[in-house]
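Let's take a walk through a protein together, one step at a time. Have a look at the picture first, and then read on.

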Amino acid sequence: MEKFSSKLAKMFVERENPETITEPCIGKVVIAPPELTISIWDGEVILPPKKLYMNDRLYPDYTREFDITGEITEITIDTTSSNIETGPGPHKHEHGTIEGSGKYKAIGTIINTDTLVVGDYVKVIPCQDGQMWFVDSKYRKVKE
């Protein structure tokens, strides 16, 4: 049978040396960026900004270029102006509704205009034995 003093010593060691955190978990934003602060484990632990690395896509100024092509399968446009003949040239008519289909091509830039807000759920991943955390992505709880 183990002595009381040995059990007590083990309890002190366990208290002073908690297990290393090694798995991702869900956190809740308690302070929005730029001073992002996240609560994990039902508020048991608060992760301050200096311990966080946030995925670039979560920043409000995240920018991506795009190039898209496709096919318009259905379109209806209700016009708010008309082409009326005002002088010499091709014959013009008033328009009401234009319908059709066709192809399209677009290029441009997508810029995030928002970021995380208080109450958002995020996936956080520990690194450096829980000394630093990656804020990976935002999630929605399916049902409260």
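We will start with the sheet, move along its strands, and finish with the core and the aromatic rings.

Before we set off, keep in mind that this is a predicted model. Now find the sheet: six strands build it, it is open, and their order is 3-2-1-7-8-4. The pairing in this sheet is mixed. Which strands sit at the edges? They are strand 3 and strand 4, and each of them pairs on one side only. If you look at how neighbouring strands of this sheet lie against each other, they are turned by 40 degrees on average, with direction ignored.

Let's follow strand 8 for a while. How do strand 7 and strand 8 pair? They run in the antiparallel sense, with seven bridges between them. One place to spot this is Val-122, which stands opposite Lys-138 in strand 8. Strand 7 and strand 8 also form a hairpin, with four residues between them. Within that turn, look for Gln-128, which has a positive phi of about 50 degrees.

Strand 8 pairs with strand 4 as well, this time in the parallel sense and over three bridges. You can pick out two of the partners by name. Leu-52 has Trp-133 in strand 8 as its bridge partner, while the bridge partner of Met-54 in strand 8 is Val-135.

Now for the inside of the protein. In soluble globular proteins, nonpolar side chains tend to be buried together. Here the largest nonpolar core has 14 residues, and those with the most contacts inside it are Leu-36, Ile-38, Leu-116, Val-124 and Val-135. Which strands supply at least two residues each? They are strand 1 (25-31), strand 2 (37-40), strand 4 (52-54), strand 7 (121-127) and strand 8 (132-139).

Zoom in on Val-124 and check its surroundings. Leaving aside residues up to four places away in sequence, Val-124 touches Pro-24, Cys-25, Gly-27, Ile-38, Ile-40, Trp-133, Phe-134 and Val-135.

Another residue worth a visit is Thr-37, which lies in strand 2. Is Thr-37 buried or exposed? Its relative accessible area is 7%, and because buried means under 20%, Thr-37 counts as buried. Again not counting residues up to four places away in sequence, Thr-37 touches eight named residues, among them Lys-28, Val-29, Ile-46 and Pro-48.

Our last stop is the aromatic rings, where the count comes to two pairs. In one of them, the rings of Trp-41 and Trp-133 have their centres 6.4 Å apart and their planes at 75 degrees, so this pair is edge-to-face. It links distant parts of the chain: Trp-41 is in the loop between strand 2 and strand 3 (45-47), Trp-133 is in strand 8, and they are 92 residues apart. Trp-41 is partly exposed at 34% relative accessible area, whereas Trp-133 is buried at 1%.

Tyr-53 and Phe-134 form a pair too, with ring centres 5.7 Å apart and planes at 35 degrees, so this pair is tilted. Tyr-53 in strand 4 and Phe-134 in strand 8 are 81 residues apart, so to speak of distant parts of the chain being linked fits here as well. Tyr-53 is partly exposed, with a relative accessible area of 45%, and Phe-134 is partly exposed at 40%.

Terms used: Residues are numbered from 1 along each chain as its sequence is written. This is a predicted model: local features need pLDDT of at least 70, side-chain atom pairs count only at pLDDT 80 or more; totals for chains, interfaces and linings use all residues. Side-chain values use heavy atoms; hydrogens and water are left out. A nonpolar core is a set of buried Ala, Val, Leu, Ile, Met, Phe, Trp, Tyr and Cys residues joined through side-chain atoms within 4.5 Å. Buried means under 20% relative accessible area, exposed over 50%, partly exposed in between (1.4 Å probe, protein chains only). Contact means heavy atoms within 4.5 Å. Two strands pair if DSSP finds at least two bridges between them. Rings of Phe, Tyr and Trp (its six-membered ring) pair if their centres lie within 6.5 Å; planes under 30 degrees apart count as stacked, over 60 as edge-to-face and the rest as tilted. Axes are lines fitted to C-alpha atoms, for helices over the stretch in contact, and angles run from 0 to 180 degrees between N-to-C directions.
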